[in-house]
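Me: I should be grateful for a close look at a single part of this structure. Please describe that part in detail and then place it among its surroundings.

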Amino acid sequence: MTKVIKIGIIGSGGIAVSHAKAYLDMDDVQIVGVADVVPGKAQEFINELEIVSAQAFEDHKQMLDMDIDGVSICTPNFAHHMTSIDALHAGKNVLVEKPLSVTLDQGIEMVQVAKKTGKMLTVGFQPRYDPNMQTVTNIVKSGKLGDVYYVEVGGGRRRGMPGGTFINKALAGVGAMADIGTYSLDLALNALGHPKPLTVSAYTSNHFGTNPMYHPQADKFEVEDFGVAMIRLEGGIILNFKISWAMHMDTLGPTIFLGKDAGLKLTPAGSGPWSGVWDGGLGSINMFHDIDGHHTETAIPVQSHDINIFDAKIRDFVVALKEDKPAPIPGEEILYNQAILDGIFRSSEIGKEVEIHIPEF
């Protein structure tokens, strides 16, 4: 008899819809609860998606008293920490949407509690399930580039600023850096094998978000819409990171990996003012190397596929629950990502380089 995985969802906003639809498409999953602090919102969510098996809650702790195998955390960023901690302490496995948390200290506590309770803490980075992203990771990890000493990563939307909770400091905590920048960081760090970040020197701004000419909620815009940083990683690797929700430019350039034996150049898929970031597929992959003393550029074929990478992320979580596997994208890995974001904001505030300290687990 097929084991049915029981799932709870905390938060019933837009991203929760994607989680719920993915779960509803699986015969071996049952959504048993949905929690949202806004009165009536969880029940509306259940009704709209016709989740007949689910109960509605305003207090997520009440939902966590149920017989639940795993929980999707789909709250605004500020609540990722609290709700994940509560779920882990309640003996539930957790899939939390990115970013892991708002602050590094919050992320550290989340990982520590997961270790203490023996429960899974995995983070939602669906680009890892794109076959072309996997090709890039495999190339870098294979050693074909030789020792990688410099990486330039980041995406830039000419105009792609969200509103609502994304721009509210109390709810989101951070802006473009955590919304789309965190995908860029994961692309680089995952391919490199997660070298520890050591120092950060950074700059952030919000010239466009706070200007009513460019954003209809300029008076409510409280986060950054642009940022750049130079990060020193262990192993002598330099990571040049840049991100933009809005700018007067078509692109911030490709992502590049420079190795002692070869280099790799990547461009993101898509076109238009909201494109140019690493939350989707790849447009091109090119390797630069020498063959018999000749400068050679080799195009790596970009695979066409019909994989729904978001659904693949959800399915991987379910499979890990069913088969008692480790977290697909463990919190310990994403903590390095979080540490860099933390360093970026500290450095930007004081205008100079800062050190990064991450405890051993």
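The request and the reply below concern one strand and the elements around it.

Me: Please examine strand β5 (93–97). Which residues of β5 are buried, and on which side does each lie? Which strands are joined to β5 by bridges, and what lies across it?

Reply: The description that follows rests on a predicted model.

Strand β5 belongs to an open sheet of six strands, whose order is β3-β2-β1-β4-β5-β6. The pairing in this sheet is parallel. The edges are taken by β3 (55–57) and β6 (121–124); each has a single partner strand, so one side of each is left without a neighbour in the sheet. On average, neighbouring strands here are turned by 25 degrees against each other, direction ignored.

In the strand order, β5 stands between β4 and β6. Strand β4 (residues 70–73) runs parallel to β5, and four bridges join the two. Within that pairing, S72 has L95 of β5 as its bridge partner. Towards β6 the arrangement is again parallel, with four bridges joining β5 to β6. There, V96 has V123 of β6 as its bridge partner. In general, the strands of a sheet pair through backbone hydrogen bonds.

The burial of β5 may be considered next. Five of the five residues of β5 are buried, so the strand is largely enclosed by the rest of the structure. In a regular strand the side chains alternate between the two faces of the sheet. In β5, N93, L95 and E97 lie on one side, while V94 and V96 lie on the other. Both faces are covered, and the residues on each of them are buried.

Helix α4 (80–89) contributes to these surroundings. This helix lies across β1, β4 and β5, and runs at about 170 degrees to β5. Eight of the ten residues of α4 are buried, so the helix, too, is largely enclosed by the rest of the structure. The buried residues are H80, H81, T83, S84, I85, D86, A87 and L88. They pack against β1 (5–10), α3 (60–63), β4, β5 and α5.

The connection from α4 to β5 also merits attention. Just after α4, G91 adopts a positive phi of about 80 degrees. K92 is placed in the loop between α4 and β5. Is K92 buried or exposed? The cut-off for burial is under 20% relative accessible area, and K92 has a value of 8%, so K92 counts as buried. Leaving aside neighbours within four places in sequence, K92 is in contact with L64, M66, I68, D69, V71, A87 and K119. Among these contacts, A87 is also one of the buried residues of α4. The C-alpha atom of K92 is separated by 9.5 Å from that of G8, although their positions lie 84 residues apart along the chain as a sequence distance.

Helix α5 (residues 104–117) is one of the elements against which the buried residues of α4 pack, and its other contacts widen the picture. The axes of α5 and helix α10 (residues 331–350) come within 9 Å and cross at roughly 170 degrees. Angles over 145 degrees count as roughly antiparallel, which makes α5 roughly antiparallel to α10. The crossing in which α5 passes α10 is left-handed. On the α5 side, the contact is made by L104, G107, I108, V111 and K115. On the α10 side, G331, E332, L335, Q338, A339 and D342 take part. By class, this contact has five nonpolar, three polar and three charged residues.

The structure also holds an open sheet of nine strands, with mixed pairing. Its order is β14-β13-β12-β11-β7-β10-β9-β8-β15. The edge strands are β14 (294–300) and β15 (354–355), each of which pairs on one side only. Within this sheet, β12 (residues 263–268) and β13 (residues 282–291) pair in the antiparallel sense over six bridges.

To return to the strand in question, β5 is joined by four bridges to β4 and by four bridges to β6. Helix α4 lies across β5, and both faces of the strand are covered.

Methods:
Residues are numbered from 1 along each chain as its sequence is written. This is a predicted model: local features need pLDDT of at least 70, side-chain atom pairs count only at pLDDT 80 or more; totals for chains, interfaces and linings use all residues. Side-chain values use heavy atoms; hydrogens and water are left out. Axes are lines fitted to C-alpha atoms, for helices over the stretch in contact, and angles run from 0 to 180 degrees between N-to-C directions. Angles under 35 degrees count as roughly parallel, over 145 as roughly antiparallel, 65 to 115 as roughly perpendicular and the rest as oblique. A crossing is left-handed if the near helix is turned anticlockwise from the far one by less than a right angle, and right-handed if clockwise. Contact means heavy atoms within 4.5 Å. Ala, Val, Leu, Ile, Met, Phe, Trp, Tyr, Cys and Pro count as nonpolar, Asp, Glu, Lys and Arg as charged, and the others, Gly among them, as polar. Two strands pair if DSSP finds at least two bridges between them. Buried means under 20% relative accessible area, exposed over 50%, partly exposed in between (1.4 Å probe, protein chains only).
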